[in-house]
Amino acid sequence: MIPHAFVQDLLARVDIVEVIERYLPLKKGGVNYFACCPFHGEKSPSFSVSPSKQFYHCFGCGAHGSAIGFLMEYSGLGFVEAVKDLAEQVGMQVPEEAPGAAQERVREQSLTELMTQAARFYKEQLKRSPVAIEYLKGRGLTGEIAARYGLGYAPEGWQSLQAAFADYADPKLLECGLVIENDQGRRYDRFRERITFPILDQRGHVIGFGGRVLGKGEPKYLNSPETPLFEKGRELYGLVQARGTIRDSGTVLVVEGYMDVVALAQFGVANAVATLGTAATPHHMQKLLRVADRVVFSFDGDAAGRRAAGRALEVCLEHLADNKTVAFLFLPDDHDPDSYVRAFGADAFRQVVDHATPLADFLLAQLRQDIDLATAEGRARLVHEAKPLVTRIGAPLLRLQVIKMLADAAGFSQNEVEQACGLAAPRRSERRFDDTPPDDGFAARRFSGQASSGKPFRGERRPAVPRQPPRQRPATPVETLLKIVVQHPTWSARLPVDLLPADSAEGLALIAVTDAMSVGDLPTQGVGALLEHFRDTPHAPILARVAVANEETPFEDGTIEPLLNDTLNKLQADALSREIERLTAQDRAGGLDPQQRRRLAELLMDKQRLRVRPKVTDS
């Protein structure tokens with residue numbers, strides 16, 4: 001784990017404008033800098049970078065965060081990788097809290113160097129192998145695509161890698177999976193007579209290989225084993241090469257094989273990645289949904305492909321968000337993405353991707369298999385089997401839509417399905433669209449040609465009553481204080497901690513910020529640093545939401561301090577009212593002793609003094 005203090009020192013050292021300018025052309029506009037957002041398509045710049053707050057925010061799609069958050073979103077890095085990348089840019093050494101972490105980092109670096117050396121060797125061997133070159137040409141690949149993906153060739157022979165490494169007996173060659181050692185201690189190359197596909201981590205380092213046999217042979221595909229560098233359940237082949245296209249299109253296509261990825265790229269479909277011989281995992285989903293708004297899984301249309309899609313669907317559910325979509329593409333039984341794009345072309349393939357089956361439709365189709373909805377038992381079984389899946393959907397609005405679809409299919413009301421699934425029922429009953437409304441006599445008279453006055457109905461319409469916009473609930477004192485503190489973190493030192501209620505997410509976040517300030521642990525370099533300090537805590541979502549709200553409707557400098565004072569008065573008045581109510585109730589129930597009566601009188605006077613103070617409203 002990286003110490004919090006180092007993260008804050010790093011953010012104090014870097015300038016978010018300089019960091020983002022390495023990737024986007026920024027133009028100054030007032031006190032901030034602007035660009036077209038890299039996370040969604042737009043023609044007018046709505047992506048704002050604030051040097052004073054060290055915070056970026058897109059007014060179009062809502063993307064926001066610190067310099068670390070930008071690297072995570074833009075480059076698809078994890079938190080640790082983004083911190084290390086940023087630290088490297090400014091020449092800082094990342095400390096490690098775990099014992100022996102420095103030695104582990106040196107060891108991993110040495111293994112990475114060996115993998116890079118092996119990749120160079122395999123690329124050179126490809127140039128010298130007419131058989132391998134003809135194989136790739138036969139698959140429709142050009143030298144440009146082979147170079148882009150670093151394709152190589154592991155020649156025949158048991159110990160070809162001896163030509164690449166001075167010490168073929170080096171234990172690290174075994175540790176990173178380049179060689180195999182048998183029971184007699186004799187070692188030999190893992191990859192032999194295969195096209196090699198380097199597997200890259202998010203920084204572009206070679207961490208493993210996939211090998212595809214030439215012609216016939218088993219296994220058809222061979223992967224590196226699990227090593228300190230490579231864990232197949234966490235990595236996706238082709239993500240580094242596809243990142244730019246994924247960002248531009250907003251869509252990532254997940255296929256099953258290395259050749260599918262490179263063949264699609266050859267035809268201009270460059271947003272494809274592949275799982276590495278394993279089903280989709282939660283780590284894959286987190287990574288995919290971080291880099292794209294839409295994830296499309298492509299599977300063969302046979303029974304095995306449907307089973308693989310079902311496993312992917314289950315993995316997706318808990319990671320879904322209402323601003324992300326997941327879909328499933330099933331190609332004809334005799335095609336995979338490689339053969340389909342070669343047979344019909346890129347435009348036809350993109351069209352089938354655009355019309356892939358949405359997750360909700362696929363989920364319902366999977367559930368309806370082998371269920372007779374013409375029977376009461378079948379309809380009950382549908383809801384019963386849906387329950388463990390529906391309750392796992394992490395996107396609240398999508399879950400609601402699935403429940404409605406399920407209710408329509410099974411002939412239940414939405415409320416009945418929610419109750420069956422153990423979800424919270426609506427506070428008041430809701431009428432389904434096909435329920436009969438109460439008859440006030442008007443509808444019957446209208447369709448019989450008579451209006452309510454008894455005169456012939458002429459189709460005249462009643463004048464429309466203009467619909468008033470819904471009134472917004474006024475902010476509570478705690479919500480207002482949290483907005484102020486997020487905009488000015490140092491002002492949290494002025495808050496009375498004993499008066500802050502802990503009965504809401506805003507209250508708990510405000511207490512956490514105030515506590516951090518009281519012990520000198522609160523960063524004061526801007527909103528970005530504040531959000532990073534509370535990353536991976538229960539307060540992170542509410543603080544991020546408030547930070548975005550402040551960007552879109554900031555407080556005016558001239559009113560914010562009077563507003564703070566007025567809100568503190570309200571908070572104090574509320575506390576006084578609660579204590580007055582408690583003492584008054586006690587007086588009615590059994591009376592107060594003299595000391596309590598004096599206390600009640602003091603409270604009433606304090607409350608009166610608060611009433612006569614000038615007030616400022618939040619406009």
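## Sheets, salt bridges and the largest pocket

Five strands make up an open sheet with mixed pairing, in the order β13-β12-β14-β15-β16. Its edge strands are β13 (272–274) and β16 (357–358), each of which pairs on one side only. Strands here are DSSP runs of E with at least two residues, helices are runs of H or I with at least four residues, and both are numbered from the N terminus; two strands pair if DSSP finds at least two bridges between them. Within this sheet, strand β12 (residues 251–255) and β14 run parallel and are joined by four bridges, and Val-252 stands opposite Val-295 in β14.

The model is a predicted one, in which local features need pLDDT of at least 70 and side-chain atom pairs count only at pLDDT 80 or more, while totals for chains, interfaces and linings use all residues. Residues are numbered from 1 along each chain as its sequence is written, and side-chain values use heavy atoms, with hydrogens and water left out.

A second open sheet, also of five strands, has antiparallel pairing and the order β1-β2-β3-β4-β5. Here β1 (27–29) and β5 stand at the edges with a single partner strand each, so one side of each is left without a neighbour in the sheet. Further in, strand β3 (residues 47–50) pairs with strand β4 (residues 55–58) in the antiparallel sense over four bridges, and the bridge partner of Phe-47 in β4 is Cys-58.

Strand β5 (64–65) also appears among the elements that give two or more residues to the lining of the largest pocket. That pocket holds about 1,800 Å³ of space. A pocket is found on a 1 Å grid over the protein atoms alone, as an open set of points where a 1.4 Å probe fits, with protein on both sides within 12 Å along at least five of seven lines, and its lining residues have an atom within 4 Å of a point; the volume is the space filled by probe spheres set on the points, which are joined across faces, edges and corners. Of the 42 residues in the lining of the largest pocket, His-64, Met-72, Glu-73, Arg-290 and Arg-535 are the closest to its centre. Helix α11 (282–291) is one of the contributing elements, and α11 gives the most to the lining, with five residues. By type, the lining divides into 23 nonpolar, 10 polar and nine charged residues, where Ala, Val, Leu, Ile, Met, Phe, Trp, Tyr, Cys and Pro count as nonpolar, Asp, Glu, Lys and Arg as charged, and the others, Gly among them, as polar.

Across the whole structure, a search finds 15 salt bridges, a salt bridge being a side-chain nitrogen of Lys or Arg within 4 Å of a carboxyl oxygen of Asp or Glu. Three of these pairs are set out below.

| Basic residue | Acidic residue | Closest N to O |
|---|---|---|
| Lys-127 | Glu-124 | 3.4 Å |
| Arg-234 | Glu-231 | 3.2 Å |
| Lys-324 | Asp-293 | 3.2 Å |

Lys-127 and Glu-124 both belong to helix α5 (residues 101–127), where they lie three residues apart, about one turn of the helix. Taking buried as under 20% relative accessible area, exposed as over 50% and partly exposed as in between (1.4 Å probe, protein chains only), Lys-127 is exposed at 60%, whereas Glu-124 is partly exposed at 34%. In the second pair, Arg-234 is partly exposed with 35%, and Glu-231 is partly exposed with 38%. The pair of Lys-324 and Asp-293 links distant parts of the chain, 31 residues apart, with Lys-324 in the loop between α12 (303–317) and β15 (325–331) and Asp-293 in the loop between α11 and β14 (294–300). Lys-324 is buried, with a relative accessible area of 17%, while Asp-293 is partly exposed at 32%. Elsewhere, a network of salt bridges links Arg-139, Asp-338 and Arg-342.

Helix α6 (residues 130–138) has Ala-132, Tyr-135 and Leu-136 as its buried residues. These cover an arc of only 95° around the axis, which puts them on the same side of α6; the arc is that of the directions from the helix axis to the C-beta atoms. Pro-130, Val-131, Lys-137 and Gly-138 are exposed on the other side of α6, and just after this helix Gly-140 takes a positive phi of about 85°.
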